[in-house]
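Here is a quick tour of one protein model, moving from the inside to the surface. Have a look at the fold, then read on.

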Amino acid sequence: MSSRSSSRGHAVWTLIVTGLAVFMAALDNLVVITALPAIQESLDTSLQDLEWTVNAYTLSFAVFLMAGAAAGDRFGRRRMFVVGLVIFTAASAGCALADSSQQLIIARAVQGLGAAIVMPLTLTLLTVAVPPKRRAIALGIWGALSGLAVALGPLIGGAVVEKISWEWIFWVNVPIGVVVLALSLWKLAESKHPQSTLDPVGTVLVSLGMFGVVFALVRTTEYGWGGSEVLPYLIGGVVILAAFVTWELRTRHPMLPMRLFRNRSFSAVNSASLLMFAAMFGLVFLLTQFMQNIQGFSPLEAGVRMLPWTAMPVLVAPLTALLSGRLGNRLVVAAGLLFEAVGLGWLAMVTEVHTEYADQVPGLVLGGIGLGLFFAPVAEMAMNIVAPRDQGIASGANNTFRELGGVLGVAVLTSVFTAQGGYASPQNFVDGLVPATWIGAGIAALGCVAILTAPRRSKENNSAWQEEERPDTGRTDPADLLEPSRR
């Protein structure tokens, strides 16, 4: 086999492995939501414990994302990818076997740790393995799979709960995890950041700071924003994150070089990611409840009716490579955020107690187109606006901002919902949902503004700049970084 064919085959296998992994990890962000009533009945959980079934995963995921990316750069991306897969798969089995809410919450937290290691490394491994001229297509497929996981989360959750039992929403991860693990050991080559060193102080500070901020955010739905149960954690987290920034500016080997934020494209991409995921996850959380509690659909029926929004990325994402080639990633991402804002605005206008589902479909479709235009181009921007030596930590940073956005969106929109309405009656629910949806539309529109602050001619397409920053390996193909034994 020629070296060119071997390289192409390696890229294809890397896409398959990372695609399956990102699908599995992303699926668990939403698959649990439609199963919560069944879990509550089965384990006799309190409302607070039920919320922590979701929040434990989110909290652990957000806290360890940066550390997971840094560990991959230092100890080997394939090695840590495998470690993350083992943790995630074992914890999924632990979730399925849990016979109390406490056991389920602990297993979900461990599951989030595994996902935090796996998710950023999928993007890094894929970016390094695929040559630049094919990277847009590969990331388009990666984005489509990520979107498919979002699409199928409520659907799979509803179907499994209705037809089998809630435990199987976790058991389904086990065979997928085993297959991905075997393929990883067989087909993935190792890569590292050539000059990576550990930053233990930075790792501890960012993990503690993220814990404080995310822990405070997830508690706002229970205690509000101003109480002693929230503010000390929020303030403490912000202070520790400020100490992290100070440390990173002073240390010789930072885990997150602050110089990256001087790149306007880097800052814009991460701001847009945070805002898009805040709008998306906040509204998915509330809309699934509206469809079940107010419109009277079963979990499976609600999952099916969310498909015009959540499945649209699967259709749109593969087309984004063509659009990005003509317009540039910046404008495609901005268009995605604009579609999302318009779609949520439509939903806010038509939502009433007796809203027909057909009236919701245009808003769901517009929002879905927005997601499809967003996922792959923003992932490509996040990778291509930094030098290859920074791609691992850039992936970790982008995933951290996304996850923080999801937590922030659920916290903010739920707070708006409870301030203006509640669960007392269908009208009371709608009174809270409508302003929350308008806020979600505004958040997406703000994300559109944020991405447009990136320079028109970003460094994302400046191959000469990438070559200048690339470690001297004696080769020009980025995939060669995966095969140090061949140097």
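The largest nonpolar core has 116 residues, and Phe-81, Leu-256, Trp-309 and Ile-451 touch the most other members. A nonpolar core here is a set of buried Ala, Val, Leu, Ile, Met, Phe, Trp, Tyr and Cys residues joined through side-chain atoms within 4.5 Å; buried means under 20% relative accessible area, exposed over 50%, and partly exposed in between (1.4 Å probe, protein chains only). Helix H11 (residues 264–294) gives the most to this core, with 20 residues. Apart from it sits another core of 22 residues, including Leu-43, Leu-50, Trp-166 and Phe-170.

All of this comes from a predicted model, where local features need pLDDT of at least 70, side-chain atom pairs count only at pLDDT 80 or more, and totals for chains, interfaces and linings use all residues. Residues are numbered from 1 along each chain as its sequence is written, and side-chain values use heavy atoms, with hydrogens and water left out.

What does Leu-256 touch? Skipping residues up to four places away in sequence, its contacts (heavy atoms within 4.5 Å) are Met-66, Phe-244, Glu-248, Phe-261, Ile-393 and Ala-397. With the same sequence cut, Ser-207 touches Val-63 and Ala-67.

Two residues side by side:

| Residue | Helix | Relative accessibility |
|---|---|---|
| Ser-207 | H9 (residues 200–223) | 12%, buried |
| Val-179 | H8 (residues 173–187) | 44%, partly exposed |

Val-179 also joins Val-12, Ile-16 and Leu-20 in a nonpolar surface patch, with about 290 Å² of accessible area together. Patches like this take nonpolar side chains (Val, Leu, Ile, Met, Phe, Trp, Tyr) joined within 5 Å, from residues with over 30% relative accessible area and no salt bridge, that is, no Lys or Arg side-chain nitrogen within 4 Å of an Asp or Glu carboxyl oxygen. Helix H1 (residues 3–27) gives the most to the patch, with three residues.

Zooming out, the protein has 20 helices and zero strands, taken as DSSP runs (helices H or I, at least four residues; strands E, at least two) numbered from the N terminus. Of its 487 residues, 59% count as buried. Among contacts between residues at least 6 apart in sequence, 83% join residues at least 24 apart.

As for confidence, the mean pLDDT (the predictor's confidence in each residue, from 0 to 100) is 78, and 86% of residues reach 70 or more. Over residues 458–487 the pLDDT is below 50, and beyond near neighbours in sequence this stretch has 54 contacts in the model. Where pLDDT is low, predicted coordinates should not be read in detail.

Terms used
Patches are made of residues with over 30% relative accessible area and no salt bridge: like charges are joined within 9 Å, nonpolar side chains (Val, Leu, Ile, Met, Phe, Trp, Tyr) within 5 Å. Accessible areas come from the Shrake-Rupley method with a 1.4 Å probe; for residues, only the protein chains shown count as cover.
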